[in-house]
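Thanks, everyone. Let me put the structure up, and then I'll walk through it.

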Amino acid sequence: MKVVTFGEIMLKLSPASYQRLSQANQMMVEYAGAEANVAVSLANYGIETTYVSRLPQNALGDAAINTLRHYGVGIDNVCRGGERIGIYFVEKGAAQRPSKVIYDRTNSAIACSVPDDFDWEHILDGADWFHFTGITPALSDTLAQACLEACETARRKGVTVSCDLNYRKKLWSNEKAGKVMENLCQHVDVCIANEEDAQAVFGIMAPKSDASRGLIDAEGYKSVARQLAARFAFKHVAITLRESISASDNIWWAILFDGHEFYNTRKYNIHLVDRIGGGDAFGAGLIYGLLTLGSPQETIDFATAASCLKQTIEGDFNQVSVQEVLDLMHNGGAGRIVR
């Protein structure tokens with residue numbers, strides 16, 4: 001099995017521990033991005049992965065590629081060019097203080113790319129799955145066109161396409177997102193969303209819920225899933241649900257709709273170590289489950305457990321094995337020492 005992901009890998013800068021950006025005099029250096037996070041998780045699970053992006057021909061671009069190579073992600077389709085790597089700054093929240101992200105990715109190498117930079121016929125040759133998120137087309141009109149060409153090629157070649165809606169209000173407006181994603185989602189088989197994405201992108205609301213206050217009604221999100229599936233003929237719709245008690249403690253679960261039945265997971269009470277990348281870990285778990293596991297229930301249970309574990313790990317990558325995810329699925333999460 002081979003999975004191809006497409007997006008921007010960035011330089012991540014963050015203060016140590018829970019310092020604020022305004023007080024920090026040192027920064028931790030990492031390289032990550034939504035689709036890169038998915039690729040790393042899948043590589044950790046033993047799935048062949050290829051990551052598609054564009055990076056500048058300099059030491060920072062080299063470091064980003066070396067990070068992917070370290071985890072066994074295929075980098076042959078990362079093209080080189082452009083002036084700069086995208087950067088994001090993360091200030092980790094705690095208790096009642098939320099985490100904050102500042103982007104510095106305007107005119108990054110991939111944002112300035114053109115569709116001809118990516119030979120999708122070649123890239124998708126032999127692939128079983130293509131994955132992107134709503135972040136990638138938000139970066140530029142040319143990247144939106146590249147995403148469309150990738151999806152059209154994947155559909156023609158019989159490759160399953162998944163998309164995590166991943167709405168980012170700092171990158172584009174609701175109106176622009178809705179217009180672009182409406183077109184792209186015509187070619188998507190598996191849609192992934194959180195409790196806010198469907199409303200932000202397509203205006204589909206869950207009754208009796210208020211995500212901004214952490215109030216979640218699961219039945220309302222079943223209606224959201226049905227509406228998404230009916231509108232775009234998705235084969236699967238997965239929605240992650242997060243009750244935010246504070247920036248430090250969340251309740252996390254998910255639902256999966258296969259066009260006929262709903263599958264619900266258990267709820268995980270998570271004391272957060274680092275929630276960034278949790279949605280990407282879920283997406284990777286869902287892809288892994290749909291490719292390898294025997295039932296929709298096992299698939300959504302695996303994805304949710306994988307993302308739960310990620311949120312207990314520093315950094316954007318999910319540093320866990322298949323067995324560790326299965327252990328959480330089947331044996332609970334008491335956190336006792338394994339020895």
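One cut-off before we start: a residue counts as buried under 20% relative accessible area, as exposed over 50%, and as partly exposed in between. Keep in mind that this is a predicted model.

Take Glu 91 with that in hand. Its relative accessible area is 4%, so Glu 91 is buried. Its partner is Arg 20: the two form a salt bridge, with the closest N and O atoms 2.9 Å apart. Arg 20 sits in the loop between E2 and strand E3 (28–32), while Glu 91 belongs to strand E6 (residues 87–91), so the salt bridge ties together parts 71 residues apart in sequence. Is Arg 20 buried or partly exposed? Partly exposed, because its relative accessible area is 31%.

Now the other salt bridges. There are 17 in the structure. One of them joins the side chains of Arg 105 and Glu 8, at 2.8 Å from N to O. This pair links distant parts of the chain, 97 residues apart. Arg 105 is in the loop between strand E7 (100–104) and helix H3 (120–123). Glu 8 is in the loop between strand E1 (2–6) and strand E2 (10–14). Both Arg 105 and Glu 8 are buried.

Compare that with Glu 121 and Arg 156. Their side chains also meet in a salt bridge, at 2.2 Å from N to O. Glu 121 is in helix H3 and Arg 156 in helix H5, so this pair ties together parts 35 residues apart in sequence. Glu 121 has 38% relative accessibility, so it counts as partly exposed. Arg 156 is at 54%, so it counts as exposed.

There is also a network. Salt bridges link Lys 12, Glu 30, Asp 274 and Asp 316.

On to the sheets. Which strands make up the open sheet, and in what order? There are 4 strands, in the order E3-E2-E6-E7, with mixed pairing. E3 and E7 stand at the edges with a single partner strand each, so one side of each has no neighbour in the sheet. On average, neighbouring strands here are turned by 25 degrees against each other, direction ignored. Inside the sheet, E2 and E6 pair in the parallel sense over 3 bridges. Leu 11 has Ile 87 in E6 as its bridge partner.

Next, strand E10, residues 190–193. Val 190 and Ile 192 point one way. Cys 191 and Ala 193 point the other way. All of them are buried.

E10 has strand E9 (residues 160–164) as a parallel partner, over 3 bridges. Across that pairing, Cys 163 stands opposite Cys 191. What kind of unit do E9, helix H6 (residues 174–184) and E10 make? A right-handed β-α-β unit.

E10 also pairs with strand E11 (residues 236–244), again parallel, through 4 bridges. Cys 191 has Val 237 as its bridge partner in E11. For Ala 193, the partner in E11 is Ile 239. E11 is mostly covered, with 8 of its 9 residues buried.

From E11 we go to strand E12, residues 249–257. Here 8 bridges join the two strands, and they run antiparallel. One bridge partnership is Leu 241 with Trp 253 in E12. E11 and E12 form a hairpin, with 4 residues between them.

Last topic: the cores. In soluble globular proteins, nonpolar side chains tend to be buried together. How many residues are in the largest nonpolar core of this model? The count is 58. Phe 6, Phe 130, Phe 132 and Met 181 have the most contacts inside it. Helix H5 (residues 141–156) gives this core its largest share, 8 residues.

Look at Met 181 more closely. Setting aside neighbours within four places in sequence, its contacts include Phe 132, Cys 163, Leu 165, Trp 172 and Phe 202. Gly 134, Pro 137 and Val 201 are also in contact with Met 181.

Apart from that core lies another one, of 34 residues. Among them are Val 38, Leu 286, Tyr 288 and Ile 313.

That's the tour. Questions, please.

Definitions and conventions:
Residues are numbered from 1 along each chain as its sequence is written. This is a predicted model: local features need pLDDT of at least 70, side-chain atom pairs count only at pLDDT 80 or more; totals for chains, interfaces and linings use all residues. Side-chain values use heavy atoms; hydrogens and water are left out. Buried means under 20% relative accessible area, exposed over 50%, partly exposed in between (1.4 Å probe, protein chains only). Two strands pair if DSSP finds at least two bridges between them. A crossover is right-handed if, with the strands pointing away from the viewer, the path from the first strand over the helix to the second runs clockwise. A nonpolar core is a set of buried Ala, Val, Leu, Ile, Met, Phe, Trp, Tyr and Cys residues joined through side-chain atoms within 4.5 Å. Contact means heavy atoms within 4.5 Å. A salt bridge is a side-chain nitrogen of Lys or Arg within 4 Å of a carboxyl oxygen of Asp or Glu. Axes are lines fitted to C-alpha atoms, for helices over the stretch in contact, and angles run from 0 to 180 degrees between N-to-C directions.
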